[in-house]
Amino acid sequence: MNTRSILLAGALALALACAPAVQQPQPNIDPGRTEAPAVALPADSAPAASVPVAPADAAYAKGWMPLAATGVTDFLALHPEWDGRGVLIGILDSGIDAGVPGLQRTPNGSPKLLDLRDFSHEGAVPLTRVDPAGDSVRIGGVALGGMSRVRTLNAAGPWYGGLLHERPLGEMPAADVNGDGDDADSLAVLVTQASDGWVVLVDSDGDGSLAGERPVRDYLHGRDTFGWAEPGQPSPLTVAVNIAVSGGAPSLELLFDTSGHGTHVAGIAAGNDMYGVGGFDGVAPGAQLLGLKIANNAHGGVTVTGSMLRAMDYAIRFARSRNLPLVLNMSFGVGNEVEGTARMDAIVDSVLGANPDVVIAISAGNDGPGLSTLGFPGSADRALTVGATFPLAFLAGDPEDGRPDPVAYFSSRGGELAKPDIVTPGVAYSTVPRFNTGDERKGGTSM
């Protein structure tokens with residue numbers, strides 16, 4: 001992907017994430033390596049840690065999911081069943097946290113998240129064979145009891161173990177996977193083959209034993225998730241499992257969103273009754289989702305061409321095998337030297353040329369307001385490139401006089417190319433992982 005990898009400052013899709021809110025709108029990093037706005041709040045109302053930036057019901061009442069500006073509200077009033085049902089949306093981003101209220105079910109009760117896959121390898125856990133001693137096992141220096149529980153699943157083995165180290169996962173608090181206040185832990189993972197397939201067991205409550213733990217299957221097969229947490233506390237992250245087998249031995253990827261960006265974008269796209277507030281929905285609450293993690297959040301949200309290609313290929317095959325129409329959303333961008341000439345643009349156009357039934361929406365980038373600031377692959381000819389407006393609902397004191405939302409100052413503009421194709425609201429209150437509480441409101445062309 002040229003010689004440049006992708007830096008996603010705040011989170012992902014390479015262009016993504018927002019800085020804390022301040023008194024005047026300030027740039028934050030959003031999809032595509034550039035700056036996006038934080039929404040203004042009086043300094044004395046800045047949210048405390050673990051406190052939402054505003055209650056979800058208040059955000060709903062204020063219109064902080066600004067659907068009306070693009071006609072969604074009027075359209076659904078005329079066609080209430082045309083809410084995205086039967087459509088699959090693939091979110092190529094920093095991952096999706098499956099535990100956030102609003103991302104579990106569609107309005108008709110179908111599962112919202114059909115699969116979660118990690119193409120970034122951030123959550124890869126190297127595995128080696130382990131040999132228990134009685135009721136105990138040692139995994140990379142971590143001793144665990146409760147092997148009698150494991151033997152009810154597989155009495156004779158083999159058993160495999162590995163460690164997820166917190167410190168390499170980036171900055172706090174996201175790297176504090178078990179919520180104990182530091183990033184110094186190495187969390188043991190045991191993998192074995194049960195009668196119904198490969199499973200993962202972890203000491204989720206930190207009591208030093210696997211005795212009371214439940215087996216977790218690959219997300220595609222069981223939609224299982226787990227989380228590490230201090231006793232009596234909720235987990236800061238929801239973790240999904242990807243297990244592959246080669247030569248009879250398993251390999252393991254743990255999928256989590258330590259950015260919050262992908263989870264936020266997923267809520268805008270298809271959230272349903274977010275945070276338990278009835279009617280607090282994203283654009284297409286009836287749609288189902290694929291969480292396709294392409295960003296290594298620990299390395300600043302970087303991605304590579306191979307990650308994006310594998311994610312697109314997986315999504316296309318997944319949708320085709322289930323006869324579902326597919327929309328791919330990619331909040332990723334790198335600054336162009338000359339718009340439309342990047343190798344990644346050609347790759348996106350090639351994918352869409354071979355799959356004309358697929359739609360790929362890509363953020364324009366946040367390098368505006370100058371001309372010729374469009375990022376690639378948003379400069380791909382066949383992609384639907386999306387710039388941002390700044391919703392008046394977030395600008396305190398603006399009269400509600402029916403004026404259209406202005407184009408956001410940070411939204412990239414074309415020059416060599418007549419892009420972006422459309423502009424839509426670029427700030428919203430949406431779903432985030434528990435560790436990211438207080439940052440429910442993010443801005444950028446990702447949004």
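**View 1. Asp357 and Arg320 meet in a salt bridge.** In this predicted model, the closest N and O atoms of Asp357 and Arg320 are 3.3 Å apart. Asp357 sits in the loop between helix H7 (343–354) and strand S18 (359–363), while Arg320 belongs to helix H6 (residues 305–321), so the bridge ties together parts that are 37 residues apart in sequence. Arg320 is partly exposed, at 48% relative accessible area. Elsewhere, salt bridges with shared partners join Asp115, Arg117 and Asp218 into one network. Counting through the whole structure gives 11 salt bridges.

**View 2. Arg217 pairs up with Asp196.** Here the closest N and O atoms are 2.7 Å apart. Arg217 comes from strand S12 (residues 216–217) and Asp196 from the loop between S10 and strand S11 (197–202), so this is a link between distant parts of the chain, 21 residues apart. Both partners are partly exposed: Arg217 has a relative accessible area of 23%, and Asp196 one of 47%.**View 3. Arg167 and Asp183 bridge within a single loop region.** The side chains of these two residues meet in a salt bridge of 3.3 Å, N to O. Arg167 and Asp183 each lie in the loop between strand S9 (159–165) and strand S10 (186–194), so the pair ties together parts that are 16 residues apart in sequence. How does exposure differ between the partners, buried or exposed? Arg167 is exposed, with a relative accessible area of 56%, whereas Asp183 counts as buried at 17%.

**View 4. Glu440 is a buried acid without a salt bridge.** Look for Glu440 in the loop between strand S22 (427–429) and strand S23 (441–443). The nearest side chain of opposite charge belongs to Arg441, and that is 7.7 Å away. A salt bridge needs the nitrogen within 4 Å of a carboxyl oxygen, so Arg441 doesn't make the cut. What does the Glu440 side chain have close by instead, on the polar side? One of its polar atoms lies 2.9 Å from the backbone nitrogen of Val53. Leaving out residues up to four places away in sequence, Glu440 touches Pro52, Val53, His264, Tyr275, Ala428, Tyr429, Ser430 and Val432.

**View 5. Tyr429 reaches the backbone of Ala54.** Tyr429 has its place in strand S22. A polar atom of its side chain lies 2.6 Å from the backbone oxygen of Ala54. Along the chain, Tyr429 and Ala54 are 375 residues apart, yet their C-alpha atoms are separated by 9.0 Å. Tyr429 is buried, with a relative accessible area of 2%.

**View 6. Phe280 and Tyr429 make a tilted ring pair.** The ring centres are 5.9 Å apart and the planes stand at 35°, so the pair is tilted. Phe280 is in the loop between H5 and strand S15 (288–293), and Tyr429 is in strand S22, which puts the two 149 residues apart. Like its partner, Phe280 is buried, with a relative accessible area of 1%. Zoom out a little and both rings turn up in one aromatic cluster with Tyr60, Trp64, Tyr275 and Phe394.

**View 7. Tyr409 and Phe410 meet edge-to-face.** With centres 5.4 Å apart and planes at 90°, these two rings count as edge-to-face. Phe410 is buried, at 1% relative accessible area, while Tyr409 counts as partly exposed at 33%. A search of the whole structure turns up 11 aromatic pairs.

**View 8. The largest nonpolar core holds 39 residues.** Which members touch the most others? They are Ile91, Leu116, Phe280, Leu289 and Tyr429. Two or more residues each come from helix H1 (56–62), strand S3 (88–93), strand S4 (113–118), helix H5 (261–270) and S22. H5 gives the largest share, five residues. For a closer look at one member, pick Ile91: beyond its neighbours within four places in sequence, it is in contact with Ile96, Gly262, Val265, Ala266, Ala269, Leu289, Leu290, Gly291, Leu292 and Asn329. A second, separate core has 32 residues, including Leu114, Tyr314, Val348 and Val351.

Methods. Residues numbered from 1 in each chain as written. Predicted model: local features only at pLDDT ≥ 70, side-chain atom pairs only at ≥ 80, totals over all residues. Heavy atoms only, no water. Helix = DSSP H or I, 4+ residues; strand = E, 2+ residues; numbered from the N terminus. Buried < 20%, exposed > 50% of the residue type's maximum accessible area, 1.4 Å probe, protein only. Lys, Arg positive; Asp, Glu negative; His and termini not counted. Polar contact = N/O pair within 3.5 Å; in protein donor to acceptor, adjacent residues only side chain to side chain. Contact = heavy atoms within 4.5 Å. Core = buried A, V, L, I, M, F, W, Y, C linked by side-chain atoms within 4.5 Å. Phe/Tyr/Trp six-rings, centres within 6.5 Å; stacked < 30°, edge-to-face > 60°.
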